[in-house]
Every structure is written in structure tokens, then in C-alpha cells.
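Let's look at how a few labels on this structure are earned. Each question asks for the reasoning behind a value.

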Amino acid sequence: PDRPGEPLTLLLPGEPPTPMHVHVLAREDGRVWLSLAREGADPCLAARLKECEASLIEARGREEHLLAVASHELRTPVAILAMLVEDMKAGSSWDEIGISMDSTVRRLSGIMENLRAQTDGQSRGEIFTLSEIGFQILETFGSSAGDMRLRLDQSQDAETLLQGAPVRIVIALSKLVHNALVHSRGTEVTLSSFLTPGESEAAPATVTWMVRDDGIGIAPAQRALLFDAFRAAGNEGTGDATPGLGLYYARKSIGMIGGKLWLDEKVSPGACFVMTHPVRLL
């Protein structure tokens with residue numbers, strides 16, 4: 001793969017000759033493994049791949065939103081059920097705990113119905129505040145931060161009512177915060193945000209988020225590959241020995257609502273990711 005492949009014309013029954021480039025990948029036991037690459041891109045295939053990718057991102061968004069909300073809503077009734085089970089083990093009769101057990105199970109059923117309706121009804125016009133998103137990220141990752149500290153630093157606009165796509169914002173921020181906690185090797189991760197009004201009342205406002213850590217930073221050689229699918233490598237900053245899709249999906253998710261995500265290369269020590277997206281002021 002480090003040099004141009006050999007040209008080859010592939011002939012298949014019922015199809016026109018297809019120009020290809022060939023690379024020899026390996027030779028073993030009298031066999032040769034080849035990779036065949038078309039010379040020209042197929043526009044129909046590219047469109048289908050883009051459509052499939054958008055559907056996949058949408059599905060991941062619904063899944064992560066459901067998990068975040070479910071973990072918050074189910075915590076109390078599950079704790080009550082665990083307590084009732086312990087009471088039964090200690091010798092309590094059904095007459096003593098039956099009413100509580102029945103009401104808690106009915107509450108769980110109601111929560112599940114609400115979650116289903118909430119997830120199915122996601123749109124790009126939801127109302128939210130920066131404070132709500134910030135505390136959701138803090139609650140989701142605070143308990144798993146280990147020895148690191150996750151800190152929230154918000155501006156005076158944190159309670160301003162906004163309209164936009166909070167699910168996609170949470171997805172992107174979750175990827176950034178998770179990577180910082182797992183890979184930065186620092187002591188603190190700070191999530192901050194502020195609001196910039198539009199140039200006119202009709203123009204959308206802009207939200208800026210920053211996820212900064214005080215860890216080992218990201219090597220210059222790795223920065224160009226950070227947002228490529230399956231390309232981020234190395235064990236500095238947000239990369240590890242296993243290439244992944246975290247930052248790729250974060251940029252894709254926020255990009256689908258007109259936002260941008262980049263690494264602020266001037267920040268040192270540590271790493272700082274900056275994310276902006278448009279919102280409507282209410």
C-alpha cells in the first residue's frame with residue numbers, strides 16, 4: 001500500500017471491463033492475497049454509504065439518549081426494589097411489602113412508557129438550557145471519573161432557554177468527556193460553555209463548548225488523524241492502542257446540526273477540544 005498498485009482490468013460475466021489497481025498483501029502456502037481497488041468512485045455507492053452512515057449516527061443518538069435518561073429515571077425505583085428484596089430475605093411477609101412492591105413495579109412500567117415516547121419523539125426543535133446539558137454530562141460521568149475530577153464551568157447564560165438538538169450535543173460532549181477521562185492521564189477535566197447572540201434577532205445564536213484536561217496532551221503526529229474513522233492511534237491524549245470511532249462520531253453528530261468540532265492546538269499542557277453549534281434563543 002505504500003506505492004501505486006499494478007493496473008488490472010477485471011472481466012466478470014455480464015459486466016463491462018472494470019479497471020482496477022492491485023496490491024499484493026501476502027504470500028503463503030502457494031497462495032497470494034490481493035486487494036483490488038477501483039480506479040473510479042461509484043457515485044451511487046457513495047450516496048448509499050452516506051445515507052447508511054447518517055442512519056447509523058441517528059440510531060446511535062437514540063440509543064445513547066435512552067441510556068442517559070434511563071440511568072437517571074430508573075435509579076430510585078430500582079433502589080426501592082433492592083431494599084424490598086432485602087426485607088424479604090430478612091423475613092418480611094408479602095403482606096408487609098406487597099403494596100410497596102406493586103406500586104414500584106407500576107412506576108417502573110410508567111417510566112418505560114415515558115422513555116419510549118420520549119425517544120420516539122426526538123426532533124431538532126427541543127427546548128433546553130446549557131445548565132441541563134452540563135449537569136447531565138456531570139451526572140453521567142462523574143461517578144466513573146475515578147481519581148480524576150470532572151468540573152463544570154458555565155457562564156451567566158446557562159439558564160437561558162434555547163431551542164435546538166440537545167441529543168446530538170450530548171452525544172458529541174459525551175465522546176469528548178469520556179475520552180478525556182480515560183486517556184488524558186491528568187487530574188482534572190473541565191466542561192465549560194458560553195452563548196454568543198446572533199448579529200440580529202432573526203439570526204441564530206452560537207453556543208461554544210470546551211472540554212479541557214490537564215493531561216499529557218496529544219502528540220503533533222496524531223493530531224491530523226484524530227477525527228478520522230479507525231485512524232486515531234497512539235496512546236497520547238484521546239488516542240489509545242485501539243483505533244475507534246469516538247471523535248469521528250462526535251464531529252459527525254454535531255456537524256449534522258451545522259456545528260463544528262476541532263482541537264485547539266495552542267492549549268498546553270493538556271488538550272482542549274472546542275465545539276460550536278447554532279441554537280435559537282427563546
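Q: How do you know that the end C-alpha atoms of α5 are as far apart as its 18 residues should place them?
A: This is a predicted model, and the check is simple. At 1.5 Å a residue, the 18 residues of α5 should span 26 Å, and the end C-alpha atoms are 25 Å apart, so the two values agree.

Q: What makes α5 mostly covered?
A: A residue is called buried when its relative accessible area is under 20%. In α5, 16 of the 18 residues are buried. Just after this helix comes Arg185, with a positive phi near 60°.

Q: Why are there two cavities of 30 Å³ or more here, and what are the volumes of the largest and the second largest?
A: A space is called a cavity because a 1.4 Å probe fits in it but cannot get out. The largest cavity holds about 50 Å³ and the second largest about 40 Å³, so both pass the 30 Å³ mark.

Q: Which elements give two or more residues to the lining of the second largest cavity?
A: They are α1 (43-73), α5 (166-183) and α7 (246-255). The largest share, four residues, comes from α1. The lining includes Ile57, Arg60, Lys175 and Tyr249.

Q: What makes three residues in the lining of that second largest cavity charged?
A: Asp, Glu, Lys and Arg count as charged. Arg60, Glu64 and Lys175 are in the lining, and by class it has three charged residues beside three nonpolar and two polar ones.

Conventions:
Residues numbered from 1 in each chain as written. Predicted model: local features only at pLDDT ≥ 70, side-chain atom pairs only at ≥ 80, totals over all residues. Heavy atoms only, no water. 1 Å grid on protein atoms, 1.4 Å probe; cavity = no way out; pocket = protein on both sides within 12 Å on 5 of 7 lines; lining within 4 Å. Points joined across faces, edges and corners; volume = space filled by probe spheres on them. Expected span 1.5 Å × (residues − 1). Buried < 20%, exposed > 50% of the residue type's maximum accessible area, 1.4 Å probe, protein only.
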